[in-house]
Amino acid sequence: MPPSPAESRPAAVSSGLHPLLQELFTAWERDGIDWCVLRMPDDTFAPDSDIDLLIDAADLEAAAGIAESHRFVRLPGKHLGVHLINYDSHTGTWLWLHCVAELGFGPYQALRGDAASSLLGRRLPSSPPRLSPGDEFWVTLAHCLLDRRKVATKHRQRLALLAGQSTTDGAIAHGLDALLPPDVKRGQLWQASRLEDWDALERQIPGLVEAASRQARPSLSKRAARLAKSLSSRVSEARLRRGISVALLGPDGAGKSTLATGIERTFVFPVRQVYMGLTGGMLRHVDRLRVPGVVRLSRLAVIWCRYFLAQYHLIRGRLVVFDRYIYDAEVPTPYPLSLADRVGRWIDGRCCPAPDLILLLDAPGSVMHQRKPSYTPETIENWRQHFLRLRQRLPMMQVIDTTRGIDEVRNQATDLVWQHYARRWRRGEKH
């Protein structure tokens, strides 16, 4: 007899987990949430991918509520299951939980797994609780073949191990049998996994996907209804789906480019960098025109083209990082300006709306001079003080001390951006 949910529930979660995961999973166990892990990344302290969890349908909303009380944030929009995200600024770790109450694989979720109650009833009393070896094998294999459409390297060792502890029984195994060509049976998939013959498995993927699509393809009217519903949902949720814009300010040597690259490399959502300084790029060529009216209009055209490019990325749900911003106009130039140039600089500095968030990278002028000795320490310190005075009229500005390590600066900046997302989504849920 399989153990009951109470008997299969571990007393405590593994100490190898990230502390925030450990706290959440312990709270779920304490509150009687019926759940288990579907797939866990190799590194459970700093996962490099999302963590797939199976939660009983009756407990799914309660589990999400507990997660939100532990600083996880629900990803807005219509998704398969519930997505919960958290960021630990101390370790620079993203935690993404994908929680589902039922299993489906392939186009239109054509292949269905066992009922969640059956899977949870057979789970192992491990820490954290996991599917039984046989269930985990077929769930992982179906995920690779029908969802990812390849047997990724990170899954191969686990699949080979689980195959030795599995049989060819179960809803997923029989479902795959129905999608395979007549001369291929589920036992051959199982055997190929045992022998680590991944090429043989991957050769079956195109046929499996085509059969699943053909078998579950809805009628034209249903597809039209789904499309209309999807478009309606996208329109109603456009504000929450929209990305966030963050401008990085600071004198030369503050570390703007380093931070922008670090955020782009590590942020959980797609990132695009947009240069919004007042001297580089096409503006150099525009300034050579030497015709006052043409120069002024051309500068505004270049600046607004950059701004509209950023708006496109924001609409697509990307995080936009502005390397510099038009607020550079508030800082004195290292050379004297004519009256016309001063007026033009004033216009440049006010020609675009403010970004969602401004991060001022701050350090003493002498420190920034050591990093980038293009100007004197006194000049850089003067610029620094002008940037700091911007806080009086830009309430969205946050100051980051960049005398600390690169990773620590990136973690703090990432946390400030993430908290902006979290506040927006929480406000959206209330409305």
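Start this tour of the predicted model by selecting strands E8 to E12, where five strands form an open sheet with parallel pairing, in the order E9-E10-E8-E11-E12. Colour strand E9, residues 271–275, and strand E12, residues 397–401, and you will have the two edges of the sheet: each has a single partner strand, so one side of each is left without a neighbour in the sheet. Looking across this sheet, you can follow how neighbouring strands are turned by 25° against each other on average, with direction ignored.

Now narrow the selection to strand E8, residues 245–249, and strand E11, residues 357–362, which run parallel and are joined by four bridges. If you show the side chains here, you can pick out Leu 248, which stands opposite Leu 359 in E11. Add helix H18, residues 377–389, which packs on the sheet and touches E8, E11 and E12. The direction of H18 makes about 150° with that of E11.

The next stop is another sheet, and the strands to select are E1 to E5. This open sheet of five strands has mixed pairing and the order E1-E2-E5-E4-E3. Its edges are strand E1, residues 35–39, and strand E3, residues 73–74; each of them has a single partner strand, so one side of each is left without a neighbour in the sheet. For a view of one pairing in detail, centre on E3 and strand E4, residues 82–88, which run antiparallel and are joined by two bridges. Within this pairing, Arg 74 has Leu 84 in E4 as its bridge partner.

Keep that sheet on screen and add helix H2, residues 19–30, which lies across E1, strand E2 (51–55), E4 and strand E5 (93–100). Relative to E5, helix H2 runs at about 30°. From E2 you can then step to Ala 58, in the loop between E2 and helix H3, residues 60–69. Is Ala 58 buried or exposed? Ala 58 is exposed, because its relative accessible area is 66%, and the cut-off for exposed is over 50%. A distance drawn from the C-alpha of Ala 58 to that of Leu 227 comes to 29 Å, for two residues that are 169 residues apart in sequence.

Turn next to the helices, beginning with helix H5, residues 133–148, and helix H6, residues 153–163. Two packed helices are described by the angle between their axes and the distance between the axes. The axes of H5 and H6 come within 9 Å and cross at roughly 140°, and the two helices are therefore oblique to each other. The crossing in which H5 passes H6 is left-handed. To see where they meet, show Pro 133, Glu 136, Phe 137, Thr 140, Leu 141, His 143 and Cys 144 in H5 together with His 155, Arg 158, Leu 159, Leu 162 and Ala 163 in H6.

Leave H5 selected and replace H6 with helix H8, residues 186–194, which packs with H5 at an angle of about 95°, the axes being 12 Å apart. H5 and H8 are therefore roughly perpendicular to each other. On the H5 side of this contact are Phe 137, Trp 138, Leu 141 and Leu 145, which meet Arg 186, Leu 189, Trp 190 and Ser 193 in H8.

Leu 189 leads on to Gln 204, since the contacts of Gln 204 beyond its neighbours within four places in sequence are Leu 180, Pro 181, Val 184 and Leu 189. Gln 204 itself lies in the loop between helix H9, residues 198–202, and helix H10, residues 205–216. With a relative accessible area of 19%, Gln 204 is buried, the cut-off being under 20%.

For a last selection, show the cysteines. How many disulfides does a search of the whole structure find? The search finds zero. For Cys 36, the nearest cysteine sulfur is that of Cys 99, 11 Å away, and Cys 36 counts as buried at 0% relative accessibility. For Cys 144, the nearest cysteine sulfur is that of Cys 36, 17 Å away, and Cys 144 likewise counts as buried at 0% relative accessibility.

Finally, zoom out to the whole chain, whose secondary structure comes to 19 helices and 12 strands. The C-alpha trace spans about 85 × 50 × 45 Å along its principal axes, and 49% of the 431 residues count as buried.

How values were computed: Residues numbered from 1 in each chain as written. Predicted model: local features only at pLDDT ≥ 70, side-chain atom pairs only at ≥ 80, totals over all residues. Heavy atoms only, no water. Pairing = 2+ DSSP bridges. Axes fitted to C-alpha atoms, helices over the stretch in contact; angles between N-to-C directions. Contact = heavy atoms within 4.5 Å. Buried < 20%, exposed > 50% of the residue type's maximum accessible area, 1.4 Å probe, protein only. Disulfide = S-S within 2.5 Å. Parallel < 35°, antiparallel > 145°, perpendicular 65-115°, else oblique. Left-handed = near helix turned anticlockwise from the far one by under 90°.
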